[in-house]
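This report describes selected features of one structure, from its aromatic residues to its helices and strands. The sequence and the structure are shown first.

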Amino acid sequence: MHTSVERKSDCELVVTRTFNAPAYIVFEAWSKPELFKQWWVPKSAGMSMLSCDMDIRTGGTYRLVFRHPAFDQPMTFFGTYKEVTPHKRLVWTNEESDQGAVTTVTFEENVGKTLVTLHELYPTKAALDEALAGSAEALPEQFAQLDELLAGRS
């Protein structure tokens with residue numbers, strides 16, 4: 001399966017991939033911390049996830065803490081779920097800086113396969129440029145790891 005990463009505008013990034021699993025299984029991988037931890041960190045990044053707190057409901061919050069050998073201190077990412085529609089849609093904020101994106105992930109099932117569309121809207125062009133140079137380039141690897149996890153669950 002191919003992961004498509006496309007810059008839609010100065011501030012928008014859209015990533016799509018079809019997974020060979022029903023929407024409810026794919027959604028679980030995004031919404032259950034014990035599953036999310038298994039695929040979110042790209043193996044090539046050399047990072048580890050120290051903690052993963054996710055209160056998956058509209059108005060709930062998340063907090064992810066990572067360690068990387070190149071940094072003394074762990075990195076923390078956190079935000080709020082703006083919308084949670086089980087098996088269909090997740091929307092969350094990235095609040096660790098004023099340059100954080102609003103992320104929307106949709107799950108569209110068709111004949112047992114699920115099209116996942118991840119849409120990130122950044123406040124500035126510079127913020128998206130920085131994301132593309134860093135975390136966004138790992139998305140194809142992350143999605144491949146998700147594909148591997150799903151293959152064992154479907």
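## Surroundings of threonine 76

Contact here means heavy atoms within 4.5 Å. The model is predicted, and in it threonine 76 belongs to strand S5, which covers residues 75-85. When neighbours within four places in sequence are set aside, threonine 76 is in contact with Arg63, Leu64, Val65 and Glu96.

Threonine 76 has a relative accessibility of 26% and therefore counts as partly exposed, since that class lies between the limits of 20% and 50%. Its C-alpha atom is separated by 9.7 Å from that of leucine 50, a residue 26 places away along the chain.

## Aromatic pairs and cluster

The number of aromatic pairs comes to 13. In one of them, tryptophan 30 and tryptophan 39 have ring centres 4.9 Å apart and planes at 65 degrees, so this pair is edge-to-face; the angle required for that class is over 60 degrees. Both partners are buried: tryptophan 30 has a relative accessibility of 2%, and tryptophan 39 has a relative accessible area of 0%.

Tryptophan 30 also pairs edge-to-face with phenylalanine 107, with 6.1 Å from centre to centre and 80 degrees between the planes. Because tryptophan 30 lies in helix H1 (residues 23-31) and phenylalanine 107 in strand S7 (residues 102-110), this pair ties together parts that are 77 residues apart in sequence. Phenylalanine 107 is buried as well, at 3% relative accessibility. One aromatic cluster includes Trp30, Trp39 and Phe107, and among its other members are Phe19, Phe27, Tyr62 and Phe143.

## Helix H4 and its buried face

Helix H4 comprises 13 residues (139-151). At 1.5 Å a residue the helix should span 18 Å, and its end C-alpha atoms are indeed 18 Å apart, which agrees with the expectation. The buried residues of H4 are Leu139, Gln142, Phe143, Gln145, Leu146, Leu149 and Leu150. Viewed down the helix axis, the buried residues of H4 fall within an arc of 155 degrees, so they line one face of the helix.

The face of H4 turned away from this buried side carries Glu148 and Ala151, which are exposed. The cover over the buried residues of H4 includes strand S2 (12-19), helix H1, helix H2 (33-39) and strand S8 (113-121). Phe143 is thus one of the buried residues of H4 and also a member of the aromatic cluster.

## Arginine 17 and the S1-S2 hairpin

Arginine 17 is placed in strand S2. With a relative accessible area of 7%, arginine 17 is buried, the limit for that class being under 20%. The side chain of arginine 17 is joined to that of threonine 3 by a polar contact of 2.8 Å.

Beyond its neighbours within four places in sequence, arginine 17 is in contact with residues including Met1, His2, Thr3, Thr114, Leu115 and Val116. Its contacts also include Pro140, Phe143, Ala144 and Asp147. Strand S2 is one of the elements that cover the buried residues of H4.

Strand S1 (residues 4-7) and strand S2 run antiparallel and are joined by 4 bridges. Serine 4 has threonine 16 of S2 as its bridge partner. The connection from S1 to S2 is a hairpin through 4 residues.

Terms used: Residues are numbered from 1 along each chain as its sequence is written. This is a predicted model: local features need pLDDT of at least 70, side-chain atom pairs count only at pLDDT 80 or more; totals for chains, interfaces and linings use all residues. Side-chain values use heavy atoms; hydrogens and water are left out. Rings of Phe, Tyr and Trp (its six-membered ring) pair if their centres lie within 6.5 Å; planes under 30 degrees apart count as stacked, over 60 as edge-to-face and the rest as tilted. Buried means under 20% relative accessible area, exposed over 50%, partly exposed in between (1.4 Å probe, protein chains only). Helices (H or I, at least four residues) and strands (E, at least two) are DSSP runs, numbered from the N terminus. The expected span of a helix is 1.5 Å times one less than its number of residues. The arc is that of the directions from the helix axis to the C-beta atoms. A polar contact is a pair of N or O atoms within 3.5 Å; within protein, one must be able to donate a hydrogen and the other to accept it, and residues adjacent in sequence count only if both atoms are side-chain atoms. Two strands pair if DSSP finds at least two bridges between them.
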